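Please open the model in your viewer with the sequence panel alongside, and follow the stops below in order, making each selection as it is named.

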Amino acid sequence: MIGGILVDVPSQAATTEKRHRGPDPDERAPWLGAGFTGAVICGVLGPALPLLVLMSGDAFRQTRSFREALRALEIFAITSWPFAIMLMGPGGAVLGTLGALWIRFRSKAIASRRLAFEAGLLGMLLGAITPLTTLIFGWGGFRDVLRGYVPIGAITGGVCALLVLFTLRKRGLLFDGPSG
């Protein structure tokens, strides 16, 4: 206090923090943010999508009340989802990272509508490959994986790719589009 007036003097710590904090990580390395976004969406949410659709259909068909069906879906969240993440999560995360980086790279050269189309197709391709990664660990037979999981993986991959595109656009991690 100087002469009855309260004076705010910035402390040494506050000015040092402002000086050395640096820009936001998304501004420093937007490709890193894009890759992380793809990994999280495709590695964590991706395995849950087909389970949620398939199990909710079974839950509502096989139970007598809406409350029982919701209880079955609650049990799904506790038991099946972590198991699905263990099986499909690593492959989904790696391929989701590659897909998100490709989407970011292509956003510089093509229009928005075409980018959504390409992202969906790329997602379907990478989603079809994801179940094949389980064969590396010896989980499941080759025919079972091809018959059941590859088509579901392709659909899930397309949905995940569009979710990644939407998220990258909302976070400002895409380029502005074609110039010229």
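Begin with the whole protein chain coloured by relative accessible area: of its 180 residues, 34% are buried, where buried means under 20% relative accessible area, exposed means over 50% and partly exposed lies in between, with a 1.4 Å probe and protein chains only. The model is a predicted one, in which local features need a pLDDT of at least 70 and side-chain atom pairs count only at pLDDT 80 or more, while totals for chains, interfaces and linings use all residues. Residues are numbered from 1 along each chain as its sequence is written, and side-chain values use heavy atoms, with hydrogens and water left out.

Next, colour by pLDDT, the predictor's confidence in each residue on a scale from 0 to 100. The protein chain averages 82, and 82% of the residues score at least 70. Among the elements, helix H1 (residues 12-20) has the lowest mean pLDDT, 51, and H6 the highest, 94. Where pLDDT is low, the predicted coordinates should not be read in detail.

Switch to a cartoon view, which shows seven helices and zero strands; helices (H or I, at least four residues) and strands (E, at least two) are DSSP runs, numbered from the N terminus. Among contacts between residues at least 6 apart in sequence, 76% join residues at least 24 apart, a contact being heavy atoms within 4.5 Å.

Now select Ile103, Leu115, Val164, Leu165, Leu168 and Leu174, which have the most contacts inside the largest nonpolar core, a set of 14 residues. Such a core is made of buried Ala, Val, Leu, Ile, Met, Phe, Trp, Tyr and Cys residues joined through side-chain atoms within 4.5 Å. Helices H3 (30-45), H5 (66-106), H6 (112-129) and H7 (142-170) each supply at least two residues of this core, and the largest share, four residues, comes from H7. Centre the view on Leu115, which, leaving aside its neighbours within four places in sequence, is in contact with Ile103, Arg106, Ser107, Ile110, Leu165, Arg169 and Leu174.

Move on to Thr37 in helix H3, which counts as buried because its relative accessibility is 6%. Not counting residues up to four places away in sequence, Thr37 touches Thr167, Leu168, Arg171 and Leu173. A distance label between the C-alpha atoms of Thr37 and Leu101, 64 residues apart along the chain, should read 9.6 Å.

What does Arg104 touch, not counting residues up to four places away in sequence? Select Arg104 in helix H5, and its partners appear as Pro30, Trp31, Ala34, Leu173, Leu174 and Phe175. With a relative accessible area of 13%, Arg104 is buried.

Go next to Gly158 in helix H7, which is buried at 10% relative accessibility. Leaving aside its neighbours within four places in sequence, Gly158 is in contact with Gly120, Gly123 and Met124. Gly158 and Phe117 are 41 residues apart in sequence, and their C-alpha atoms are 9.7 Å apart in space.

For a contrast in accessibility class, select Leu121 in helix H6: at 46% relative accessibility, Leu121 counts as partly exposed. Between Leu121 and Val159, 38 residues apart in sequence, the C-alpha to C-alpha distance is 10.0 Å.

The last stop is the largest pocket, with a volume of about 630 Å³. On a 1 Å grid over the protein atoms alone, a pocket is an open set of points where a 1.4 Å probe fits, with protein on both sides within 12 Å along at least five of seven lines, and lining residues have an atom within 4 Å of a point. Grid points are joined across faces, edges and corners, and the volume is the space filled by probe spheres set on the points. Select Pro47, Pro50, Met88, Thr130 and Pro131, which, of the 35 lining residues, lie nearest the centre of the pocket. Helix H4 (48-62), H5, H6 and H7 each supply at least two residues of the lining, and H5 gives the most, with ten residues.
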